[in-house]
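Here's a quick tour by questions and answers. Have a look at the sequence and the 3D view, then read on.

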Amino acid sequence: MAFITYFICGLLFTVVNLSYGSLSTVMTTDQDDLAQLTSYRMIGTNLSSVLITSLTPVLLLFFSRESTPNARGYLFTAMIFALAAVPMFVLVGTKCHENIRPINTKKKIKLEVTIKTVLKNRPLMLLFIIMFLGMLAMFGRVGTLIYYVMYDVKRFDLTSLFMTLPSLGGIIGIFLTKNWITKIGRKRMCIIGYLGCGISLLIMFVVGEVGNFQSIWTLIIIDFVYGLFNFVMPIPMAMVADAINFGEYKFGVRSDGISYAAVSLSVKLGSAFGASIGLAIMAFTGYVANQTQSTSAQFGINGVVNLLYGLLWMACLIPLHFYPLNEKINDDINAKLTNRREKINVATVNITNTQNHLVKFSKDMRSEFKNNSVDKIYAMGSGKMIPLKEVNDPVAERGILGEGFAIVPFEKKIVSPVEGVIMNVFLSKHAIGIRTKDNLEILIHMGIDTFDMHGRPFTIFVDVGQHVKHGEPIAIMDLDQLKKAKKGEEILFIVTNRRATKKIIFDEPGTVHAGDEIGYIII
């Protein structure tokens, strides 16, 4: 019965983890945002690992009411962790929003077709191999490190320290490098990380053999340095989003769930076989449980924990060498996919810039659109209103993200141009998404190429899920910071779901003030 319960719990965890793991790719396509999301996710994973490792023994003894853990202690400890997870799941479910959707099509995609496209997705399959090798190395070392401390270092009292240091180092490493991932490039950062993990473990192997495991503080420091290079762990997960976009672009099928299932399989296989392979090699070199180990067995333990897993980390570089995607290719694919998703149907959508002042509804227009809803557009800032084609940004001027206009501001205050609900606030704070009552999706993009400023010029006044009225302040943009950074100051208003509109009417270019009525959207 215990086995069945454990199996069902593991199955349910996998179902939840797949849904949670695939969330990032439908929240945003911004590469910097994706890198930040996966980095913070891994920081949380490492922190929780340290917390659980520290709390579990204490909770086990407390609930067991004995000097050694018993079934009662394990049951109540598991219940505590399960109850703690519930509000976290609720928070994720209510606060995360799916902003990226596959191209609408009436044709249903069969499961076998989706699986075939995933298997044909070369970047995804290479990531599968990379993550499998990485998981073999990481989980294998975690599962065998205790033998190294017990029988080579011979300091059982240092077990918790040696086990915890890589996780702590990983938290620090991820935090220090998270803002450099897209600047340096994901593939380059992976190379640095895999080399760092591999080399540090090889050095630890040599130091142990040469010094007969007496240089304990040196080994502790190397163990921590190895953890620092674990910053590489979330990067391949962020690259999965790029591989999914590649698959959608090349094969016309978006497969977030199946793709993450494949990646999850590589993680499960790595965690299952990592320690097993190590233990088998240790047994072959003479390891005997609970006995004084021979010189050969000690060498085998050190060879497994540091040499073998160090070489496995470095083996990740082989499939990584053949990985074809980079930042430039990813940006191009994202732009083409966005254009494909939001492609204008000229038979149903008509974007109009008036020649004089804002056109009011004539009798003919009232007759033509009498059964349509109308959303008014208000200026989101004070400044000069210009068409998107005059913005110095190829994505905006070509209308890849959608149709709209821009304001070159002379004031820092930004207000909501419509009444609706905040559906997205980008992690880098440079953009806000609003959904109106008629399900129009409006993107307010502040500045040009400002995503890499990591939110410094922006103060956001709204949260996801908050209802806003037109003219209500939603942000402040520091114009001086943008000028110093030589960034464009334009505030963009973009209708991203253009197919939902019948006609959009904007006022002529010129000076506007925040809250001025400047257009209509007819749905």
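Q: In what order do the three strands of the open sheet sit, and which strands are at the edge?
A: In this predicted model, three strands pair in an antiparallel way to make an open sheet, ordered β5-β11-β9. From one strand to the next, the twist averages 25°. A strand that pairs on one side only is an edge strand, and that fits β5 (413-415) and β9 (458-460).

Q: Which residue of β11 is the bridge partner of Phe458?
A: β9 runs antiparallel to β11, which covers residues 473-477, and three bridges join the two. Look along β11 for the partner of Phe458, and you land on Met477.

Q: How many of the 18 residues of α11 are buried?
A: Helix α11 spans residues 234-251. From its first C-alpha to its last it reaches 26 Å, close to the 26 Å expected at 1.5 Å a residue. Right after α11 comes Gly252, with a positive phi near 75°. As for burial, the helix is mostly covered, and the count of buried residues is 15.

Q: Why does Tyr249 count as partly exposed?
A: Tyr249 belongs to helix α11. Buried would mean under 20% relative accessible area and exposed would mean over 50%. Tyr249 falls in between, so it counts as partly exposed, because its relative accessibility is 30%.

Q: How far apart in space are Tyr249 and Lys336?
A: Along the sequence, 87 residues separate Tyr249 from Lys336. In space, going from C-alpha to C-alpha, the distance is 7.9 Å.

Terms used. Residues numbered from 1 in each chain as written. Predicted model: local features only at pLDDT ≥ 70, side-chain atom pairs only at ≥ 80, totals over all residues. Heavy atoms only, no water. Pairing = 2+ DSSP bridges. Helix = DSSP H or I, 4+ residues; strand = E, 2+ residues; numbered from the N terminus. Axes fitted to C-alpha atoms, helices over the stretch in contact; angles between N-to-C directions. Buried < 20%, exposed > 50% of the residue type's maximum accessible area, 1.4 Å probe, protein only. Expected span 1.5 Å × (residues − 1).
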